[in-house]
Amino acid sequence: MSASIRLPTILAMLPLATPAGCGGDGSTGPPYEPTIPAEWAASVTNPFFPLTPGTVWEYSAKTGDGTETTRVEVLAAPRVVNGVTATVVRDQVSLNGSPVEDTYDWYAQDAAGNVWYLGEDSRELKNGIVVGTEGSWMWGARGALPGIIMWADPAAHRDEEYRQEYERRRAEDWGKVVALDQTVRVPFGTFTGCIRTEDWSGLEGRSSSLEYKYYCPNIGTVMETPADAPDERAELTAMTST
């Protein structure tokens with residue numbers, strides 16, 4: 001679940017904010033050549049995307065297929081991705097009580113406070129059996145590169161398009177911060193000072209995959225809403241930490 005913003009000196013030359021067109025390598029947008037940070041933080045502490053081990057978020061959404069619930073947990077054990085120690089987040093999705101997806105996401109924060117998305121191991125489930133791994137990717141494998149999932153200062157990047165992930169023709173999600181100082185009400189509570197992003201898949205097309213995400217200080221993601229199905233929004237129902 002995703003993102004926030006700030007332009008640090010370490011990223012001043014980073015070509016992340018680019019229009020989503022068709023790149024020369026067959027991907028969406030121009031060639032992607034990010035400047036990888038020279039220094040990484042020991043943990044992910046960005047206030048809009050805090051990843052403290054032991055924290056669990058729970059979400060619920062009413063969909064055309066039934067009730068979808070999501071459990072997101074920050075695991076204690078890290079994973080090294082292309083030489084960088086990443087925080088591991090497990091994302092488990094169930095539909096009407098039956099598991100349909102089990103994903104491990106890998107994140108790391110640079111010294112300036114921006115959170116990078118380094119990859120994911122995604123497994124689609126049916127009757128407890130893995131039936132697909134579409135969307136899985138990892139920085140350093142098959143030419144994949146990391147992207148920004150949350151800026152240190154969202155206001156500095158408002159209305160800019162940026163890559164959240166990149167593996168040509170496999171993982172090409174985009175994001176854009178479109179609103180600041182939002183107030184959001186969900187079952188878990190009412191939050192102020194939040195930001196709203198637009199996220200979409202470059203592979204599926206913006207119009208068919210656009211969704212809005214809300215991130216609140218010291219909480220993280222509190223709501224996700226598909227642009228074409230606003231009534232199917234996923235809302236934060238609980239948050240706990242150990």
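The largest nonpolar core in this predicted model has 29 residues. Inside that core, the residues with the most contacts are F49, L51, W57, Y107, M150, V184 and V222. Below you will find what builds this core, followed by the aromatic pairs, the charges over rings and the cavities.

**Nonpolar cores**

- Several strands each supply at least two residues of the largest core: β1, β2 (66-74), β6, β9 (145-150), β12 (173-186), β13 (189-201), β14 (211-216) and β15 (220-226).
- V184 is a good residue to click on: beyond its neighbours within four places in sequence, V184 is in contact with G189, T190, F191, C194, Y214, C216, V222 and M223.
- Another core, of 13 residues, lies apart from the largest one, and its members include W106, A108, W151 and V177.
- As general background, nonpolar side chains in soluble globular proteins tend to be buried together.

**Aromatic pairs**

- The count of aromatic pairs comes to eight.
- One of them joins W40 and W116, edge-to-face, with 6.1 Å centre to centre and 70° between the planes.
- W40 lies in the segment before β1 (56-63) and W116 in strand β6 (residues 115-126), so this pair ties together parts that are 76 residues apart in sequence.
- The two partners differ in burial: W40 counts as partly exposed at 25% relative accessibility, whereas W116 counts as buried at 0%.
- Y117 and W137 make another pair, with ring centres 5.4 Å apart; because their planes are at 90°, over the 60 degrees required, the pair is edge-to-face.
- This second pair also links distant parts of the chain, with Y117 in strand β6 and W137 in strand β8 (residues 137-138), 20 residues apart.
- Both Y117 and W137 are buried.
- Ring pairs also link Y117 and W137 with F49 and Y107 into a cluster; F49 and Y107 are among the residues with the most contacts inside the largest core.

**Charges over rings**

- The charged end of R196 sits over the ring of Y212, at 5.5 Å from the ring centre.
- In R206, the charged end sits over the ring of W200, at 4.8 Å from the ring centre.

**Cavities**

- Searching the whole structure turns up two cavities of 30 Å³ or more.
- The second largest cavity has a volume of about 30 Å³.
- Its lining is made up of A41, A42, S43, V44, T85, A86, T87, Y107, A108 and Q109.
- Strands β4 (84-95) and β5 (98-109) each supply at least two residues of that lining.
- Two residues of this lining appear earlier in the briefing: Y107 belongs to the largest core, and A108 to the core of 13 residues.

Key
Residues are numbered from 1 along each chain as its sequence is written. This is a predicted model: local features need pLDDT of at least 70, side-chain atom pairs count only at pLDDT 80 or more; totals for chains, interfaces and linings use all residues. Side-chain values use heavy atoms; hydrogens and water are left out. Rings of Phe, Tyr and Trp (its six-membered ring) pair if their centres lie within 6.5 Å; planes under 30 degrees apart count as stacked, over 60 as edge-to-face and the rest as tilted. Helices (H or I, at least four residues) and strands (E, at least two) are DSSP runs, numbered from the N terminus. Buried means under 20% relative accessible area, exposed over 50%, partly exposed in between (1.4 Å probe, protein chains only). A charge sits over a ring if NZ of Lys or CZ of Arg is within 6 Å of the ring centre and within 35 degrees of the ring normal. A nonpolar core is a set of buried Ala, Val, Leu, Ile, Met, Phe, Trp, Tyr and Cys residues joined through side-chain atoms within 4.5 Å. Contact means heavy atoms within 4.5 Å. On a 1 Å grid over the protein atoms alone, a cavity is a set of points where a 1.4 Å probe fits but cannot get out, and a pocket is an open set with protein on both sides within 12 Å along at least five of seven lines; lining residues have an atom within 4 Å of a point. Grid points are joined across faces, edges and corners, and a volume is the space filled by probe spheres set on the points.
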